[in-house]
Amino acid sequence: MLRKDFLWGGATAANQCEGAYNVDGRGLANVDVIPHGPDRMAVMCGRLPMLEPDDKHYYPAQGAIDMYHRYKEDIALFAEMGFKCYRMSIAWTRIFPNGDEEQPNEAGLAFYKEVFKECRRRGIEPLVTITHFDCPIHLIREYGGWKNRRMIDFYKRLATVLFTRYKGLVRYWLTFNEINVLLHAPFMGAGMLAPDEAERDRLLYQAAHHELVASAWATRIGHEIDPTVKIGCMLAAGAYYPYSCRPEDVRLAQIEAQKNFFFIDVQSRGYYPAYALKMLERRHIDIGMTAEDEAILRENTVDFISFSYYQTRCVAYKEGEKSSGNMFDGVRNPYLKESAWGWSIDPLGLRITLNELYDRYQKPLFIVENGLGAHDTVEPDGSVHDSYRIDYLREHIKAFKAAVEEDGVDLLGYTTWGPIDLVSAGTGEMSKRYGFIYVDRDDAGRGTLARSRKDSFYWYKKVIESNGEELD
């Protein structure tokens, strides 16, 4: 059985749902200038510099689904489903519009206070990500993003304000969303324009170190301000499978897994693992580790480990047919079906991933993203019959229940990605829908923004009511 206080719910990100990008003093962020269309990936990866919007592109995050003005309506729908938890994020530029100010923007702080109070009023526990791919444009222009050590101090100031102002309102925090993504999409993950190829590894791991130190500082600050809070890290997870039993394939899968585990090894254990130190040594990378860094990392490990899970990855020593999905390369797994966007569907892989993480860290786990991006059809009567989404989630819930009940994994909760349709981080589309709640908006930003319940809305309500026992 799952724990009685299991935290069922859903997850969003400010830049994918709030909109209102220039309202109430909010500053411009990297996520505001990542366009929809063929240039999106080049901008996310920093290969196409874009530090301000132009009139040639559509920027979906700027309007998103306007949750900024509709949060009460949306939280009411979450409460109707019975949510115990709502994972959301703070837009850094609502609190510090430029990122380096001494004093925060009170209008931004007031907005989130009202959101948290609304959640609490409806019995929903907020789980708050401090930074979900947000980096103020000013910090990118002036400091070069996370490759600059000064970012640590700006982040510490943000964390201090958030923990102080929301003491008693928020008990669960995450420091960085999918921290490992910065190696794959530097502009989105770390506010960095693509470095020169010769400098790429050095600058990316320098940025990674700064984020890891900042995360440890936030953990310390949070625990000092409110010892009752629980602070976690967040990984874009998914087990790596060798394409065959060929030893080279097995070794490659191990290496790729270590690239992901590296971040959580540091955040959970408090030090750089031997394989990472050797890698940095081979590549002649000096990350600028100080004695203070070592102490902060060692003394401020996370309370729990959260992660997103959409798919496993398959790798081969020799090139095979490519598979797509969430910015991580791999080869197509012939034993798995795929979504309309080419993401492998692997419920058993979730159980495997849970066991890998729990065996490695022996800390409570939290699945904070999992879901199926799919095309939905609205029927003439307004209904959406999304049995495919129900099937996907049912099998993944069965998998994590088995990990808990049969394997002994300590799991705190499960928040599906996108309980309400929102902008896709990878593609910028609205048509890649994840939600239990349909939002009338298309890929070009047209629509009424009206909300309506899909079949999966009623199904998930039963799942939560039964604490995962009723899955049909």
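1. In this predicted model, buried residues account for 62% of the 472 residues in the chain. The surface that the chain does expose comes to about 18,100 Å², and carbon and sulfur atoms supply 49% of that area.

2. As to the overall fold, the chain contains 15 helices and 16 strands. Its radius of gyration is 21 Å, close to the 23 Å given by the globule rule for 472 residues, so the chain is as compact as a globular protein of that length. Along the principal axes, the C-alpha atoms fill a box of roughly 60 × 55 × 50 Å. Of the contacts in the chain with a separation of 6 or more, 76% join residues that are 24 or more positions apart.

3. On charge, the chain carries 58 positive and 69 negative side chains, and the centres of these two sets lie 2 Å apart.

4. Helix H13, which covers residues 347-361, has 15 residues and reaches 22 Å from its first C-alpha to its last, close to the 21 Å expected at 1.5 Å a residue. The buried residues in H13 are Gly349, Leu350, Thr353, Leu354, Asn355, Leu357, Tyr358 and Tyr361. When reading that list, it helps to recall that an α-helix has 3.6 residues a turn, so residues three or four places apart point the same way. Gln362 follows H13 and has a positive phi, near 55 degrees.

5. Ile124 deserves a separate look, and it is found in the loop between helix H5 (106-121) and strand S3 (125-131). Is this loop residue buried or exposed? Ile124 has a relative accessible area of 1%, and because buried means under 20%, Ile124 counts as buried. With its neighbours within four places in sequence left aside, Ile124 is in contact with Ile75, Phe78, Ala79, Phe83, Lys84, Cys85, Tyr86 and Cys119. By way of distance across the chain, the C-alpha atoms of Ile124 and Gly447 are separated by 29 Å, and these two residues are 323 residues apart along the chain.

6. Asp74 lies in helix H3, which spans residues 67-81. Asp74 has a relative accessibility of 0% and therefore counts as buried, the limit being under 20%. Which residues does Asp74 contact, leaving aside its neighbours within four places in sequence? They are Met67, Ile420 and Arg451.

Conventions. Residues numbered from 1 in each chain as written. Predicted model: local features only at pLDDT ≥ 70, side-chain atom pairs only at ≥ 80, totals over all residues. Heavy atoms only, no water. Helix = DSSP H or I, 4+ residues; strand = E, 2+ residues; numbered from the N terminus. Expected span 1.5 Å × (residues − 1). Buried < 20%, exposed > 50% of the residue type's maximum accessible area, 1.4 Å probe, protein only. Rg over C-alpha atoms; globule rule 2.2 N^0.38 Å. Contact = heavy atoms within 4.5 Å. Areas by Shrake-Rupley, 256 points an atom, 1.4 Å probe, with all protein chains shown as cover. Lys, Arg positive; Asp, Glu negative; His and termini not counted. Charge placed at Lys NZ, Arg CZ, Asp CG, Glu CD.
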